[in-house]
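Biologist: Please take a close look at one part of this model, the surroundings of ligand 1. Which residues are closest, and what else does the protein offer there?

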Amino acid sequence: MAADLGPRAMFVAGGTDLFPKLKRRQFEVDSLIGLDFLQREIRNGSNECVIQAGVTLAHASRDTNLNTRFTGYAEAAGLVSSPPLRNAGTIGGNLCVDTRCNYYDMTYEWRKAAGFCLKKDGDICLVAPSSPRCWAVSSSDTAPMAIALGGLVTLVGADGERELPVTALYRDDGDRYMAKHADEVVTGLRLRRAPNTRSAYVKLRRRGSIDFPIAGAAVAVELEDEVVENCRIVLTAVASYPLESKGAEDFLKGKRLQADAIREAAEIASKPAKPLDNADLSHFWRKRMVRVVVEQALTRVSDQQPGLDG
Ligand SMILES: Cc1cc2nc3c(=O)[nH]c(=O)nc-3n(C[C@H](O)[C@H](O)[C@H](O)COP(=O)(O)OP(=O)(O)OC[C@H]3O[C@@H](n4cnc5c(N)ncnc54)[C@H](O)[C@@H]3O)c2cc1C
Ligand code: SF4
């Protein structure tokens with residue numbers, strides 16, 4: 001159906017992001033294709049688990065195995081928006097959720113009065129007028145955690161099924177932020193961890209009860225005798241895609257997760273984050289807080305009790 005109907009149709013899963021945006025005329029479509037048929041099961045293994053795309057965020061956040069072995073993912077799912085929205089919002093929808101910007105997440109009338117921008121109806125970026133691109137911010141809570149936990153996503157479209165790393169789902173472009181084909185449906189997410197992996201997600205937002213992140217850090221660390229063998233550090237809400245900090249990951253390898261190493265890694269991780277003035281609170285402050293959320297996430301991991309596998 002999506003391939004036949006083209007850009008005037010959109011998929012809808014829980015509708016928690018899509019419906020408010022339809023009301024604000026951020027999307028104008030003729031048809032919605034319901035994804036109620038998506039499966040809603042979590043298939044758990046000790047070092048791998050498959051979460052079908054129809055699973056709600058509430059379900060994922062309560063799952064015992066996810067909480068024990070993929071802790072950061074369960075934490076991220078449990079921190080999305082508010083309880084009613086987590087009961088309806090799906091993990092597939094959270095991977096595909098639209099990018100955000102203060103000039104775009106407004107009513108049609110507001111945007112018309114202020115002047116439209118290139119993400120919808122206009123031809124310049126109001127945040128960076130000399131830039132040819134859109135800088136809207138990737139704000140999914142679970143996407144960075146899925147990347148940190150080696151996530152693979154399954155896509156099904158008119159051309160069949162394929163699996164690709166979650167990181168390959170995204171583009172560094174606030175407007176055309178997804179790299180998948182428009183007719184492809186996310187049907188599942190496979191998370192993988194090496195034994196002795198611990199993970200955590202730390203989110204900063206204005207109101208703890210509902211808001212999107214203004215900075216978030218997803219970390220997964222594989223430890224051997226308390227020494228870091230491997231680690232992934234992925235940031236949210238600081239770029240148009242989930243931003244991985246390779247510099248900090250390399251820095252931590254071979255080190256113990258002690259306070260001074262954590263502090264330095266957090267400093268390195270915050271360097272590539274360049275938030276613009278298009279989200280909640282001052283972008284200078286948000287930039288400074290990136291170091292803090294990374295430090296908190298790494299400290300949480302170092303304080304976690306060894307899991308079932310050591
Ligand atoms: C007040 C409020 C606060 C929010 N706070 C947060 C927050 O803190 N963190 C956060 O991450 N999100 C937040 N959201 C956004 C939203 O609730 C979540 O991202 C939710 O997970 C979206 O899932 P959904 O199933 O409702 O997606 P939908 O709204 O149904 O769809 C979202 C987008 O994904 C596409 N889509 C959905 N499922 C699929 C699929 N399986 N395959 C392909 N495309 C698909 C849709 O076409 C649409 O473009 C908030 C929303 C509101 C209204
Ligand atoms: S970053 Fe610029 S183009 Fe993108 S939504 Fe905001 S104002 Fe519009």
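Modeller: What follows goes through the shell around ligand 1 and then turns to the core. The model is predicted.

Ligand 1 is surrounded by 34 residues. Phe11, Thr16, Thr90, Asp141 and Lys203 are the closest. By class, the shell holds 17 nonpolar, eleven polar and six charged residues. Three elements, β1 (9–12), α7 and β7, each supply at least two of its residues. The most come from α7, which gives four.

Now the polar atoms. Asn94 places a polar side-chain atom 2.8 Å from an oxygen atom of ligand 1. At Ser139, a polar backbone atom is 3.5 Å from an oxygen atom of the ligand. Ile210 also uses its backbone: an N or O atom there lies 3.4 Å from a nitrogen atom of ligand 1. On its own, ligand 1 has 980 Å² of accessible area, and the protein covers 92% of that.

Next, the core. The largest nonpolar core has 40 residues. Ile51, Leu66, Tyr73, Leu95, Leu189 and Leu191 have the most contacts inside it. Elements that give it two or more residues include α7 (91–96) and β7 (185–192), both also suppliers of the ligand 1 shell. The largest share of the core, five residues, comes from α9.

Tyr73 shows how this part is joined. Beyond its sequence neighbours within four places, Tyr73 is in contact with residues including Ile51, Leu66, Ile91, Met145, Leu189 and Leu191. Another core, of 33 residues, lies apart; among them are Val219, Leu223, Leu235 and Ala273.

Notes. Residues are numbered from 1 along each chain as its sequence is written. Chains are lettered from A and ligands numbered from 1 in the order in which they are written. This is a predicted model: local features need pLDDT of at least 70, side-chain atom pairs count only at pLDDT 80 or more; totals for chains, interfaces and linings use all residues. Side-chain values use heavy atoms; hydrogens and water are left out. A nonpolar core is a set of buried Ala, Val, Leu, Ile, Met, Phe, Trp, Tyr and Cys residues joined through side-chain atoms within 4.5 Å. Buried means under 20% relative accessible area, exposed over 50%, partly exposed in between (1.4 Å probe, protein chains only). Contact means heavy atoms within 4.5 Å. A residue is near a molecule or strand if one of its heavy atoms lies within 4 Å of it. A polar contact is a pair of N or O atoms within 3.5 Å; within protein, one must be able to donate a hydrogen and the other to accept it, and residues adjacent in sequence count only if both atoms are side-chain atoms. Accessible areas come from the Shrake-Rupley method with a 1.4 Å probe; for residues, only the protein chains shown count as cover. Ala, Val, Leu, Ile, Met, Phe, Trp, Tyr, Cys and Pro count as nonpolar, Asp, Glu, Lys and Arg as charged, and the others, Gly among them, as polar.
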